[in-house]
Amino acid sequence: MGKQILITGGAGFVGSTLAIGLKQAYPNDRIIAIDNLRRRGSELNLPRLKDMGVEFLHADIRNPEDLLGFDSLDFIIDASADPSVLSGIDSPVMPLIQSNLNGTVHCLELAQKTGASFIFLSTSRIYPIKNLEAAAFEELETRFVWKDTQALRGISSRGVQEDFPLEGSRSFYGSTKLASELLIAEYHEHKNVRSIINRCGVISGPWQMGKIDQGVLVLWLARHYFKGDLSYIGYGGTGKQMRDVLHADDLLQLIDHQIHHVDLYAGKTMNVGGGLDCSFSLQELTALCEEVTGNKIAIKPITENRAADIRIYVSDCAYLNSINAGAWTPKKTMKDLVADTFEWMRDNEKNLKNILN
Ligand SMILES: NC(=O)c1ccc[n+]([C@@H]2O[C@H](COP(=O)([O-])OP(=O)(O)OC[C@H]3O[C@@H](n4cnc5c(N)ncnc54)[C@H](O)[C@@H]3O)[C@@H](O)[C@H]2O)c1
């Protein structure tokens, strides 16, 4: 018998990629995916999970009773959340806290009960918005970039490191994730739950159900593919805002390494992302989408910024690289990411048309 791994949010984009990828790599492991199917499109992953031999349970991590059926687990990977940075800003906050914070605590309780190690998908959004926006930047032809020298610690042209100052507001989404991180550290220290915290920048790839407030790369590609509308929102409306992005397949490789080398990572919090080598501005993404789809759409400039937006984010993964001595680096390029996602969209056009449009 292999390992028993429970993945929450297992029908979501990241959760299903991890569940299917781990089952493929380790057929003797028992992989259980739980999800409340709240995210539109997550139901499309159910047949894929089934075909691969991943067990699925309809469960909601907000309800501790939904988690009673497990006695012994080796790992819990917590990939269930409302992942939108806009949640709670113009909508009630409590649902977000119940899912992203209370839900995480219920999963930690389960980890304690079952003896599981805990892998958490946190976010770069735990870093305060005003601090990121205060960073010195340059405007290049197609993107904004951070300057080498900065007034604040933990930031350079290579990106943000883990010691970047944490004072300030970060969105309700970011704060539910940071609050979860704090509680995870306590369960690690006092309740014997070995834990790993991955602070991820943008993650993307096939099976991400991109929508207006989350999953920008897929949304952008879908609007080109299905010929919809788009806007460059904020920062003068030029589409030069920039992010690093990690292909979900590369994240899978990292989580695989973490599962099989827990001692290296346990108790650590690390930035995880594609870094400068895999990054894009909206303007650059437009060019890639036009190239792969052959379609050109009108993109409206809107000069005012959107709430909680940031001009630039890049993950500096130097700490992660030092933990594992460079055993993991992202392999997929921006071109791979767009090409893989395009292929998925084309192969699943009928099912995706209403969800991504
Ligand atoms: N995608 C990204 O760019 C990104 C970046 C950084 C961090 N993350 C984190 O990674 C994790 C996975 O994100 P994703 O992109 O796969 O999002 P997703 O929305 O595709 O997947 C999340 C899944 O969790 C499920 N879910 C939500 N609330 C639940 C609940 N209360 N009980 C059970 N299931 C529930 C949803 O139905 C969905 O299937 C999240 O924790 C997110 O915060 C994602």
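Reader: Which residues line the second largest pocket, and which of them lie nearest its centre?

Author: In this predicted model, 17 residues line the second largest pocket, and Gly274, Gly275, Leu276, Asp277 and Pro330 lie nearest its centre. The space in this pocket is about 320 Å³. Its lining divides into 6 nonpolar, 7 polar and 4 charged residues.

Reader: What makes a residue such as Gly274 count as polar in such a tally?

Author: The nonpolar and charged classes are fixed lists, and Gly is placed among the others, so Gly274 is polar by that rule.

Reader: Why is the largest cavity called a cavity and not a pocket?

Author: A cavity is a set of points where a 1.4 Å probe fits but cannot get out, whereas a pocket is open; the space in question is therefore of the closed kind. The volume of the largest cavity is about 40 Å³. The count of cavities of 30 Å³ or more comes to 1.

Reader: Which residues line the largest cavity, and how are they divided by class?

Author: The lining consists of Leu132, Glu133, Ala135, Phe137, Trp146, Arg311 and Ile312. By class there are 5 nonpolar, no polar and 2 charged residues. Glu and Arg count as charged, so Glu133 and Arg311 are the charged ones.

Reader: How do you know that Phe13, Asn36 and Ser99 make polar contacts with the ligand?

Author: The cut-off is 3.5 Å between N or O atoms. A backbone N or O atom of Phe13 is 3.0 Å from a ligand oxygen atom. A polar backbone atom of Asn36 lies 3.2 Å from a ligand nitrogen atom. For Ser99, an N or O atom of the side chain is 3.1 Å from a nitrogen atom of the ligand. Each distance falls within the cut-off, so each pair qualifies.

Reader: How much of the ligand's accessible area does the protein cover?

Author: Of the 820 Å² that the ligand has on its own, the protein covers 97%. Elements giving two or more residues to the shell are α1 (13-25), β5 (117-123), α5 (171-190) and β11 (202-204). The ligand is surrounded by 30 residues, the closest being Val14, Asp35, Arg39, Tyr173 and Lys177.

Reader: Why is the pair Arg194 and Asp263 called a salt bridge?

Author: The closest N and O atoms are 2.8 Å apart, and the limit is 4 Å, so the pair meets the criterion. Arg194 is in the loop between α5 and β10 (195-200), and Asp263 is in helix α8 (residues 262-265), 69 residues apart. The structure holds 15 salt bridges.

Definitions and conventions: Residues are numbered from 1 along each chain as its sequence is written. This is a predicted model: local features need pLDDT of at least 70, side-chain atom pairs count only at pLDDT 80 or more; totals for chains, interfaces and linings use all residues. Side-chain values use heavy atoms; hydrogens and water are left out. On a 1 Å grid over the protein atoms alone, a cavity is a set of points where a 1.4 Å probe fits but cannot get out, and a pocket is an open set with protein on both sides within 12 Å along at least five of seven lines; lining residues have an atom within 4 Å of a point. Grid points are joined across faces, edges and corners, and a volume is the space filled by probe spheres set on the points. A residue is near a molecule or strand if one of its heavy atoms lies within 4 Å of it. A polar contact is a pair of N or O atoms within 3.5 Å; within protein, one must be able to donate a hydrogen and the other to accept it, and residues adjacent in sequence count only if both atoms are side-chain atoms. Accessible areas come from the Shrake-Rupley method with a 1.4 Å probe; for residues, only the protein chains shown count as cover. Helices (H or I, at least four residues) and strands (E, at least two) are DSSP runs, numbered from the N terminus. A salt bridge is a side-chain nitrogen of Lys or Arg within 4 Å of a carboxyl oxygen of Asp or Glu.
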